[in-house]
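The following exercises are to be worked through with the sequence and the model in view. Each task is followed by a solution in steps.

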Amino acid sequence: MRTLSVRVLEENRRILNKYLNQEGKSKVSYTHIIGWAIVQAVKEIPVMNNAFTISDGEPVMIKRSDVNIGLAID
């Protein structure tokens, strides 16, 4: 686990959005940054992408090779 100051997150977001604005592109939200960080972490530590299910009454580990993420925001 890594702790990150909100000030650092806000400053990086501000820099990214300034650049994107100059390029005529849309803004980046905190959700975008956090989602990107989650995907990077799963790439670095693939075991975080594992899951389990029950098959024939027995637990079975699912080792996924792809990273798929969906984020719902309000």
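**Exercise 1.** Determine whether Ile 69 is buried, partly exposed or exposed.

*Solution.* The relative accessible area of Ile 69 is 42%. Buried means under 20%, exposed over 50%, and partly exposed in between (1.4 Å probe, protein chains only); therefore Ile 69 is partly exposed. Ile 69 lies in the segment after β2 (58-62); strands are DSSP runs of E with at least two residues, and helices are runs of H or I with at least four, numbered from the N terminus.

This is a predicted model, in which local features need pLDDT of at least 70 and side-chain atom pairs count only at pLDDT 80 or more, while totals for chains, interfaces and linings use all residues. Residues are numbered from 1 along each chain as its sequence is written, and side-chain values use heavy atoms, with hydrogens and water left out.

**Exercise 2.** Describe the setting and the phi of Asp 56.

*Solution.* Asp 56 is located in the loop between β1 (51-55) and β2. Its relative accessible area is 78%, so Asp 56 is exposed. The phi of Asp 56 is near 55°, a positive value in a residue other than glycine. Most residues other than glycine have a negative phi.

**Exercise 3.** Compare the expected and actual span of helix α1 (residues 6-22), then locate its buried residues.

*Solution.* The expected span is 1.5 Å times one less than the number of residues. For the 17 residues of α1 this gives 24 Å, and the end C-alpha atoms are 24 Å apart, which agrees. Leu 9, Asn 17 and Leu 20 are buried in α1. Seen down the axis, the buried residues fall within an arc of 65° (taken from the directions from the helix axis to the C-beta atoms), so they line one face of α1. Arg 7, Lys 18 and Gln 22, on the other side of α1, are exposed.
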